[in-house]
Amino acid sequence: MDSPLPLHVCHVNNLSVILNKLHALLHCIAIAFLIYYRASYLLQETRAISIIPWLLVFASELLLSFIWLLGRAYLWRPVSRTVFPERLPEDDKLPAIDVFICTADPEKEPTFGVMNTVLSAMALDYPADKLHVYLSDDGGSPITLRGMREAFRFAKWWIPFCRRYRIKTICPQAYFSEAESDENFGDSEFVTEKRKIKEKYEMFEEQVMKAVEDGEYGNSRNHSTIIEIIQDTSGENETIRQADLVEMPLLVYVSREKSPEHLHHFKGGALNVLLRVSGVISNSPYILGLDCDMYCNDPTSARQAMCFHLDPKTSSSLAFVQFPQKFHNFNEHDIYDGSLRSGYRLQWPGMDGLKGPFLTGTGHYIRRESLYGNFKHKGIDLAELKDTFGESNLFIKSLHQSYEHKNVNGENLSNVGFSYQSVSEDFFTGFILHCKGWTSTYLDPSRPQFLGTSTTNLNDVLIQGTRWASGLIDVSISRFCPLLYGPSRMSLLLSMCYGEMSLFPLLYCLPLWCFATLPQLCLLNGIPLYPEVSSPFFMVLSFIFLSAICKHLQEVISTGGSVYTWRNEQRIWMIKSVTSHFYGSMDAIMKLLGLRKASFLPTNKVLDNEQVKRYEMGQFDFQTSSVFLVPMVSLMILNVAALVCGVIRMIAVGNWDKLFAQVLLSLYILIINFAIVEGMIVRKDKGRISPSAILLSSLFFVTFLFFGSIILI
């Protein structure tokens with residue numbers, strides 16, 4: 001008997017694997033020579049310069065080498081996948097899906113945009129009786145609840161329209177704003193129907209905006225629980241023709257109780273409330289997690305995910321299917337690296353070749369059972385169940401409809417639901433799932449399955465980066481540090497991937513602060529830190545520098561980027577390392593020491609027209625806090641001073657070969673970050689760096705130069 005056709009296939013690019021491993025080998029050999037050079041100098045009885053700057057540079061080189069080595073795990077076996085949803089069983093045999101959408105602040109996350117995400121989820125190409133959409137409103141806002149009711153009324157028109165004409169862009173806001181490209185455009189019936197639906201959409205928008213104008217925001221920090229199954233009681237069904245009276249997905253509004261006296265664990269807490277509420281109402285075996293601004297862009301994503309979850313060869317251990325985050329509002333410049341190219345084009349496919357990618361906060365279809373920990377249905381004490389899952393008898397009853405999962409690693413990790421130990425609850429939850437023996441998979445179809453709004457100004461980019469960095473370092477400095485906790489529970493390569501992701505904010509910010517200040521300070525004082533040009537070790541240092549740059553450029557080009565993409569990624573990497581990654585790391589350390597409480601600031605989703613215009617022109621917008629500006633500007637002033645002084649020293653004194661590497665380093669930093677220099681000197685528009693920030697940075701530079709020179713001398 002012939003075996004059934006596969007639901008998906010996996011492709012390994014063997015040529016890329018060979019090239020990646022060859023490059024890693026050569027780079028490792030060069031690093032070994034560099035370590036020998038540094039160590040041999042430390043063992044000398046007499047030294048030409050102070051030991052302090054040499055040790056700091058050596059330590060920074062070791063940290064960068066270590067984080068680079070961890071990152072090689074991503075390139076060990078990258079894969080890509082193809083799915084065949086047409087081979088799935090009939091609709092009546094498909095499992096049910098619950099959709100979780102979280103919002104927290106109607107001012108920073110506009111209600112109309114959130115409702116468009118809700119409508120796109122309701123319009124997925126999936127049996128309506130097996131699709132249930134839940135919105136968590138952590139702000140407890142009457143505006144959001146009213147928006148849900150209006151969205152349900154419009155959905156009665158929108159969903160039949162999408163199904164009848166097989167509309168692919170199922171988010172109404174995106175559909176009505178894009179260029180006319182419908183295959184059915186020549187059909188007069190379609191044109192008439194589309195015009196009617198657009199009128200209904202405009203009425204829907206008007207009603208939501210009216211609710212926003214009324215300003216019923218509520219108290220986001222102190223409100224009671226509201227759970228409402230959204231239904232339309234307006235009697236409008238009579239105006240809809242009989243052919244359009246289709247079954248609607250279940251739509252549920254949830255606002256959990258909040259009070260200032262209790263910690264509510266931010267998004268992780270909101271997701272766990274949805275997990276419990278949905279367990280009682282629908283209890284679907286699979287859950288789609290979405291950010292409130294990440295709408296469904298393709299109706300088939302659920303069926304594509306089921307190609308993995310329903311595959312008997314992988315389903316027993318598969319926890320989640322992860323789709324990439326993609327964005328509709330970044331342009332060809334992408335000056336803030338909003339596309340997250342490195343993550344979704346290199347790191348996630350690389351992890352997929354091991355045991356699966358990280359869990360990202362949106363665009364994943366996760367198995368409910370994987371979030372319930374380990375317990376046995378038969379013979380377990382009821383009191384023990386309630387101790388683990390709470391007092392709700394209805395929720396306890398829902399657990400018996402799930403399947404038992406055996407932890408292949410034989411360890412009982414007691415967490416239930418999404419983990420609280422970090423504000424990056426998605427990353428930490430995925431790590432715990434992999435430690436338990438679950439696997440994951442990554443799918444990146446040609447048509448983006450989900451599209452969101454990327455940050456398009458520097459202030460939001462750095463605030464978001466600080467939050468992410470804090471969450472990742474929370475994990476790395478806890479008892480769950482992936483490099484210590486992971487190797488006995490998962491493969492070494494997968495542990496290296498988790499270790500690199502959790503440590504990179506700290507292990508990049510420290511070396512980059514060193515390389516942006518110490519060689520320059522030594523250059524201003526005529527102190528060489530690198531081998532002379534005539535030394536063979538200068539070739540070693542040059543090879544390491546060029547090897548890293550060329551490998552990054554090759555990765556950018558091979559994934560559809562350009563030289564400008566490479567430059568932008570280098571620049572934002574440097575900027576984030578000395579600002580948001582540094583602050584995020586310090587925030588996590590202070591929380592560990594009990595000096596600061598955990599906090600969560602939602603990313604602003606409201607667009608400023610002037611900022612958007614500058615972004616589209618490829619100009620940085622420096623309207624951000626001095627906390628972010630002063631480090632950037634101070635380092636630019638320091639590097640300009642070091643470059644000028646170094647060139648003068650090489651010409652006047654003639655020791656160009658000793659100082660050449662440091663001069664070249666300052667020149668490279670200034671070239672990559674010329675946008676900052678331009679914002680200081682050239683630009684006069686509103687997005688420039690303010691004179692007050694430049695003055696404050698100058699004072700910081702003078703202070704650093706004074707005390708730094710005393711220490712060196």
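I began with strands S9 (residues 318-322) and S11 (residues 364-367), and in this predicted model I found that they pair in the antiparallel sense over three bridges. Looking for a single pair of residues in that pairing, I noted that Phe320 has Ile366 in S11 as its bridge partner.

I then followed the sheet outward and wrote down its order as S5-S6-S4-S3-S7-S11-S9-S12, an open sheet of eight strands with mixed pairing. Strand S5 (226-229) and strand S12 (439-442) stand at the edges, and because each has a single partner strand, one side of each is left without a neighbour in the sheet. I also noted that neighbouring strands of this sheet are turned by 20 degrees against each other on average, with direction ignored.

Next I looked up which helices pack on the sheet. Helix H3 (residues 111-122) touches strands S3, S4, S6 and S7, and its direction makes about 165 degrees with that of S4. Helix H8 (residues 301-309) touches S3, S7, S9, S11 and S12, and its direction makes about 145 degrees with that of S9.

I turned to helix H15 (residues 492-524), which bends by about 60 degrees at Leu503, with Pro505 following within four residues. Of the 33 residues of H15, 30 are buried, and just after the helix Gly526 takes a positive phi of about 70 degrees.

Last, I located His333 in the loop between strand S10 (326-327) and helix H9 (341-352). His333 counts as partly exposed because its relative accessibility is 30%. Leaving aside neighbours within four places in sequence, I listed its contacts as Asn568, Tyr615, Glu616, Met617 and Gly618. The C-alpha atoms of His333 and Gln619 are separated by 9.1 Å, although these residues lie 286 residues apart along the chain.

Note on methods. Residues are numbered from 1 along each chain as its sequence is written. This is a predicted model: local features need pLDDT of at least 70, side-chain atom pairs count only at pLDDT 80 or more; totals for chains, interfaces and linings use all residues. Side-chain values use heavy atoms; hydrogens and water are left out. The bend at a residue is the angle between axes fitted to the seven residues ending there and the seven starting there. Helices (H or I, at least four residues) and strands (E, at least two) are DSSP runs, numbered from the N terminus. Buried means under 20% relative accessible area, exposed over 50%, partly exposed in between (1.4 Å probe, protein chains only). Contact means heavy atoms within 4.5 Å. Two strands pair if DSSP finds at least two bridges between them. Axes are lines fitted to C-alpha atoms, for helices over the stretch in contact, and angles run from 0 to 180 degrees between N-to-C directions.
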